[in-house]
Amino acid sequence: MKRAVIVAMSLLFVFAGTACGNKKTDKIHLKADSQESREDSENREKITDEQALAAIRNYCFLANPELEKMVNSEDYTVYWNIESSDENQIVVLYRSYTAAFVRYYIDPVSGETYVTESAPGKTEEEERTDENFNLRDYLEIASRSPK
C-alpha cells in the first residue's frame with residue numbers, strides 16, 4: 001500500500017513537471033514567435049481603403065445573408081463608406097438597415113479589426129462591441145461580394 005502511494009506520487013510529480021515545461025525554452029519560443037509576427041507585419045502590404053471597404057461589405061453579407069437582398073431592394077437605407085484613413089488606421093462606417101452606425105476600426109498592416117456601434121435615439125455615444133476579427137480573412141473573398 002505504502003509503495004503504491006509512493007509510485008503514484010512519483011508519477012504525479014513527473015507529469016506535473018512535464019506539463020509546466022521549461023520556462024527558459026518557452027520564453028525563447030515566445031520571443032521567436034513575436035519576432036516572426038513583427039517580420040510578417042513588416043513584409044505585408046498595407047490594406048488599401050478600397051480593400052477595407054470591399055472586405056467589410058463582404059463580412060456584413062456573410063454575417064447576414066438577407067442583407068444583400070435588402071441592399072438590392074432599395075427599400076432600406078444601407079451604406080458603407082470610409083470615414084477616416086491614415087497610415088495607422090482605417091475606419092469604415094456601415095449604416096445598418098436598423099439605422100445603427102457600426103464602425104470598423106482596422107489596422108491596415110495587421111488587419112486586426114474591432115467594432116463600435118451607436119444608434120440614434122438609443123446610444124448616441126459609440127460603444128465598443130465584443131466583435132473582433134482579422135480583416136485579412138475577408139480580403140480574398142471580398143472580390144466576390146456585390147458592389
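This is a short selection-by-selection tour of a predicted model.

Some housekeeping before you click: residues are numbered from 1 along each chain as its sequence is written, and side-chain values use heavy atoms, with hydrogens and water left out. Because this is a predicted model, local features need pLDDT of at least 70 and side-chain atom pairs count only at pLDDT 80 or more, while totals for chains, interfaces and linings use all residues.

**Stop one: colour by confidence.** pLDDT is the predictor's confidence in each residue, from 0 to 100. The protein's mean is 78, and 66% of its residues reach 70 or more. Select residues 5–38: pLDDT stays under 50 there, and the model has two contacts for them beyond four places in sequence (a contact means heavy atoms within 4.5 Å). Residues 143–147 also stay under 50, with nine such contacts. Where pLDDT is low, the predicted coordinates should not be read in detail.

**Stop two: switch to cartoon.** You should find five helices and five strands, in the pattern α-α-α-α-β-β-β-β-β-α along the sequence. These are DSSP runs numbered from the N terminus: helices are H or I with at least four residues, strands are E with at least two.

**Stop three: the sheet.** The five strands form an open sheet in the order S1-S2-S3-S4-S5, with antiparallel pairing; strands pair if DSSP finds at least two bridges between them. Select S1 (79–85) and S5 (123–134): they stand at the edges with a single partner strand each, so one side of each has no neighbour in the sheet. On average, neighbouring strands are turned by 25° against each other, direction ignored. Now add S2 (residues 90–95), which is joined to S1 by six bridges; one to pick out has Trp80 partnered with Tyr94 in S2.

**Stop four: the helix across it.** Select H3 (residues 49–63), which lies across S1, S2, S3 (101–106) and S5, at about 140° to S1. Axes here are lines fitted to C-alpha atoms, for helices over the stretch in contact, and angles run from 0 to 180 degrees between N-to-C directions.

**Stop five: the core.** Show side chains for Ile56, Trp80, Tyr94, Tyr104, Ile106, Phe133 and Leu135, the residues with the most contacts inside the largest nonpolar core, which has 20 residues. H3 gives the most to this core, with six residues. A nonpolar core is a set of buried Ala, Val, Leu, Ile, Met, Phe, Trp, Tyr and Cys residues joined through side-chain atoms within 4.5 Å, and buried means under 20% relative accessible area (1.4 Å probe, protein chains only). Finish by centring on Phe133, whose contacts include Ile56, Tyr59, Tyr104 and Tyr138.

How values were computed. Buried < 20%, exposed > 50% of the residue type's maximum accessible area, 1.4 Å probe, protein only.
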